[in-house]
Structures are given as C-alpha cells and as structure tokens.
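Could you walk me through how the protein holds its two ligands? I'd like the short version, grouped by ligand.

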Amino acid sequence: MASVTVINHPLVQHKLTIMRDRHTSTAGFRQLLREIATLLCYEVTRDLEMTTTTIETPLAEMKAPTLAGKKLVFASVLRAGNGLLEGMLDLVPAARVAHVGLYRDPKTLQAVEYYFKAPDDLDERLTIVVDPMLATANSAIAAVDRLQERGAKDIRFVCLLAAPEGIDKFHGTHPDVPIFTASIDKYLNDKGYIVPGLGDAGDRMYGTK
Ligand code: PRP
Ligand code: URA
C-alpha cells in the first residue's frame, strides 16, 4: 500500500546536484527548484484520469482527450513549498491552491501551524502536497492531517529530498499517501537535517538564515 517513487530522470538529477552545491546562489536555487517542480509534476500527474471532448480542428471534428473531473489542488507547505508550487502551476495553471503555514520548532522539531487556507471542496479533488524536504516528517504529517480534517481523501506528497527515517514515519501514519521524491538521502543528523541534503530549503530559497 505505502508507495515511494524516486524520480531519477537525468534532468531532475542534474538540476538537483546544482541545488545541493553550497556555492549555488539564491536566485539559481529558486530557479532550479521551479524547473525541477515541472518535472516532478509531470510524474505525479502521469496517471490522472482522462475523458474525451468533441472539438473541431481546422480540418475535421474529432473526439480529443482531456482531463476528467474537478481541477486538482496543490497544497504548499510554507515557506519552501512555494518554490515547488510555482513550477507546478507553470504546468497546471488552472489548479486550485491550498496553503499550509508550518514551521519546525528548532528544539523539539515539532511542526507548529501558523496559517491554513484551502478550497472548500477538497473531498472532490486530488490534493498534491508539495514541500521540498521530508526530514523527520513532522511537517508532512501535520499538513496531511490538517488537509484530511478539511475533507481531502485523495492525497499525494511530492518532495525533492526524503530521509529514510521520514519516509518510515510518514507511511507509519499515512500509508495511503504515495510519496514522490527526487532522492532518498542517507540519514537525518542530530539536528534533524537531511544528510547529505541541501541545507535549509527555505533559507536557501529566500536568502535568510
Ligand atoms: C522545512 C521544510 C519542511 C520541514 C521538513 O521547513 O520546508 O517543511 O522543514 O522538516 P520535517 O520533516 O522535520 O518536519 P521549515 O520548518 O524550516 O520552514 P520554512 O519552509 O519556513 O523555512
Ligand atoms: N528542513 C530543511 O529545510 N532541510 C533539512 O535538511 C531538514 C528540514
């Protein structure tokens, strides 16, 4: 039931290597995150349900494929989730957006919520949660708990890097939420950082410390 997909497309892996490099600039990091997001979006939406619609080309009428059902929702875990969100919206501009504001308490590593806003009809839509980092998984679990409380039933989680410890914990709580990631890294250090990782995703995106 618990599924993890590692997206090892050469373009994803190449861009990820540049993002990991401590010498990559804030602007470069943000741009690469946006670019990788489009590639991750391509994979996480690969099996979306299709239907057909009748259109007229300049030459003939035809039944053409189109996405079925209600528009999907991207749920961004603030702040760093917004980096992935931008690239996802480049590919699916009509998607709805939820924002889940969470920060990790540096001592306890527990997720603390400071903002939540989501479309009303989450129960009728596929919800794709986006956050570059799955470390202890406390933030991802809190985000999914909150979205489920608000009715979301069909949820997928997309990140850039996942720690093995975070994957185990996340699927211990949410075995029915598939994870899509560009890499499963080695381990979490004693401060809850992914190693080798890329550092603090939010700080690297926005040039804060
Ligand atoms: C980072 C990251 C995740 C969280 C992952 O956010 O974007 O949300 O840490 O860690 P976890 O799996 O141990 O919960 P952070 O709390 O640093 O907030 P920010 O995005 O605002 O910088
Ligand atoms: N959050 C980050 O931004 N980076 C980590 O390595 C762990 C949590």
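Here is a quick briefing on the surroundings of ligand 1 and ligand 2.

This is a predicted model, where local features need pLDDT of at least 70, side-chain atom pairs count only at pLDDT 80 or more, and totals for chains, interfaces and linings use all residues. Residues are numbered from 1 along each chain as its sequence is written, chains are lettered from A and ligands numbered from 1 in the order in which they are written, and side-chain values use heavy atoms, leaving out hydrogens and water.

**Ligand 1**
- Sixteen residues, or 16, surround ligand 1, and Arg104, Asp131, Thr136, Ala137 and Ser139 come nearest (being around it takes a heavy atom within 4 Å).
- Check out Thr136: a polar atom of its side chain is 2.5 Å from an oxygen atom of ligand 1.
- The side chain of Ser139 also has an N or O atom 2.5 Å from an oxygen atom of ligand 1.
- On its own, ligand 1 has 500 Å² of accessible area, and the protein covers 92% of it (Shrake-Rupley method, 1.4 Å probe).

**Ligand 2**
- Around ligand 2 you'll find nine names, among them Arg104, Met133 and Tyr193.
- The backbone does some of the contacting here: an N or O atom of Ile194 lies 2.8 Å from an oxygen atom of ligand 2.
- A polar backbone atom of Gly199 sits 2.8 Å from a nitrogen atom of ligand 2.
- Alone, ligand 2 exposes 240 Å², and the protein buries 89% of that.

Conventions: Polar contact = N/O pair within 3.5 Å; in protein donor to acceptor, adjacent residues only side chain to side chain.
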